[in-house]
Amino acid sequence: MRLLLVEDNRELADWLGKTLRQANYVVDIVHDGEDVEHALAVGDHALVILDLALPRMGGLEVLRMLRARGNRVPVIVLTANASLDGRVKGLNEGADDYLAKPFQIEELEARIRAQLRRANDRTAPVVACGDLVFDTNTRLFSLSGETLSLTPREHAVLEQLMIKAGRTVSKAALSAAIYDFDTYADPSAIEIYVHRVRKKLEGSRVQIATLRGLGYLLRHDDLVP
Amino acid sequence: MRINSLRLQLLAWVVLPLAGLATVNLWTSHGNALATADLITDRMLVGSARMIAEQVAMTDGVINATVPPAALEMFDTGDRDRVYYGVETAGGRLLTGYPGLPGTPGRPSMEATYRDQTLRLLTFTHAVVGAGKDSPISVTVGVTLFGHDAMVRHLWFSAFTQQLALVAIAGVFVLLGLRRGLAPLIRLRDAVRSPERSELDPVEIAGAQSEIRPLVDALNAYMERVRAQMAAQRRFIANAAHQLRTPLALLSTQASYALRETAVDARREALVALQASSARLARLAEQLLTLSRAEPGSRRPRADRIDLTQAARQVLETHAPRAVGRNIDLGLDETGAVPVIGDGTMLREMIVNLVDNALRYTPAGGTVTVRLAATDGEAVLTVTDDGPGIPVDERDHVFERFYRLAGATDEGSGLGLAIVREVVENAGGRVTLGDGAAGGLVVEVRLPLAGG
């Protein structure tokens, strides 16, 4: 799951990024409001964490611009201004949630999960596909009750396929979801990750089907294709 | 005794002199009354004596004096006065009347004691035709002073009541005038004291006189100043809270990361960073405290005599390890003591902030120089660094609290230069920014040199 973090305090941005990556999110960081639109155009971000106090283009302005252009990506606003007025303004401009600094990272993560669930029309925190289960709270995959051990990239691939389970995910979309800006997005590497994940899913009722020229698809035996 | 009531004071100032004037006036009017009574009595005495004298005539060669009753009755004014008279020939023979009555020949009138009574006496001399050596005769009339004194009392009493009424009326008008005049002051008091006045809005007193208007204006100006100060304070507190939130979020994030990280190295890295963040947060808190202390009115003004050179040396010594750690050439350039008067703690804090800033923005391997000089009665402290400098159009803003240069990536708080300006201005000096020879920043602080 790829997130865009917009925060001008570089240290806080770095450490938030690190902590979110710990939880197997793919995180891109920009420090400037003006870079947000471009970043969103390049990466297929599932959610934006937006600080309001940004140089050049303020967070509220970014939000207004995004919504004006019809971008419906979930946005969680972070701000040091905890006044009611500030919160109302943020939500009115199209923020989906609001978190005042200082916050506990657990709360930010819970809100990220809630927003992602809502974006994917889910209410339960657990996603299942056959005997493969993804707990969005712990962000762990399990197969027949056994926790599945995955590298961050493998996790990103499987999470993307899982969310779109039963639907085709193009190689480009997969690539956009798993690589951050700092990584060279090698499309052929995707095949390697998919191959590794397939091996880890061997013996289960879940398979990753390859559709030549289209992409990949996660399905299980019970599912009628 | 001190009178603190304006009413009583004004009343005293008006009524006491007026009462004094009235007293003088009464004393003179007593004299007037006395003179008037004397004059009237004397006229009556003359009239009475003349009436008696005119009845003295020669009858068959014998001088004969008959006293007409009207001449005595004219003194009957209801005061039980007694009248004495005597008619004597030129030879001193008493023709009729009381013997031994003192005469006042050649003088208008006199007072004398006769038969244990004080009399006012007057002698009238009259020639009698055909009386020969008995002519002229002299008629002396004397009257007791009861009527005279009653007349004095009567004349004087009416003057007394008039004066008293005048003073009383003046007092009443003073009180009424004061009540009217002080009404705007009372309204001002009520307006200021009103429980509905929680905000410091200006008070408006209708009908305030030109003497009270400046008081109202001064009060309003004062409240405006207090309000501005409170607003600045509120802004500062809001700003400070705002500025503390991001570092706190950072601290919490680093702690969470360290807790979750299982790899020893990464965990250690997070803890080291956390330690640095908490040190910076402590420094920020310290700066906020310094700034609130530098605020006018928050600290008793102090006038220490401190040597800037020595203070700078101490600051540089404590910052030397940091400079050495980043391979910065930190130097002090001085020619002796530079004494100034001011709050020693705050002046030292000012130098700390300047050196701290210079070290922060100077790249590793650069040079930071603190220079001290005393010229033209001014102490000049300059701190020169090798950093990126401050663009000319930003120089006015960097002294504002929490102002950060656009695109600044360092961890500065935006308070250092605000503290410097506050402290320098409190000590009666000024601070300017300039370009260094090598492109860095030069901060120049000028303070009045302490004499002696």
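**Warm-up: a pair of facing residues**

L3(A) sits opposite V27(A) in strand 2 of chain A. Before going on: this is a predicted model, where local features need pLDDT of at least 70, side-chain atom pairs count only at pLDDT 80 or more, and totals for chains, interfaces and linings use all residues. Residues are numbered from 1 along each chain as its sequence is written, with chains lettered from A and ligands numbered from 1 in the order in which they are written.

**Exercise 1.** Work out which way strand 1 of chain A runs against strand 2 of chain A, and find the handedness of the crossover between them.

*Solution.*
- Strands here are DSSP runs of E with at least two residues, helices are runs of H or I with at least four, and both are numbered from the N terminus.
- Two strands pair if DSSP finds at least two bridges between them. Strand 1 and strand 2 (residues 26–30) of chain A have 5 bridges and run parallel.
- Now follow the chain: from strand 1 through helix 1 to strand 2 of chain A, this β-α-β crossover is right-handed. That is, with the strands pointing away from the viewer, the path from the first strand over the helix to the second runs clockwise.

**Exercise 2.** Find the partner of L5(A) in strand 3 of chain A, then decide whether strand 1 of chain A is mostly covered or not.

*Solution.*
- Strand 3 (residues 47–51) of chain A pairs with strand 1 of chain A in the parallel sense, over 4 bridges. L5(A) has I49(A) as its bridge partner there.
- Call a residue buried if 20 or more other C-beta atoms, placed from the backbone, lie within 10 Å of its own; 12 or fewer makes it exposed, and in between is partly exposed. In strand 1 (residues 2–6) of chain A, 5 of its 5 residues are buried, so to speak of it as mostly covered is fair.
- Check the faces: side chains in a regular strand alternate between the two faces of the sheet. R2(A), L4(A) and V6(A) are buried on one side, L3(A) and L5(A) on the other.

**Exercise 3.** Sort out the strand order of the open sheet in chain B and say which strands stand at its edges.

*Solution.*
- The 5 strands have the order 4-3-7-6-5, with antiparallel pairing.
- Strand 4 (94–97) and strand 5 (110–114) of chain B are at the edges; each has a single partner strand, so one side of each lacks a neighbour in the sheet.
- Strand 3 (residues 83–88) and strand 4 of chain B are antiparallel, joined by 3 bridges, and V87(B) stands opposite T96(B).
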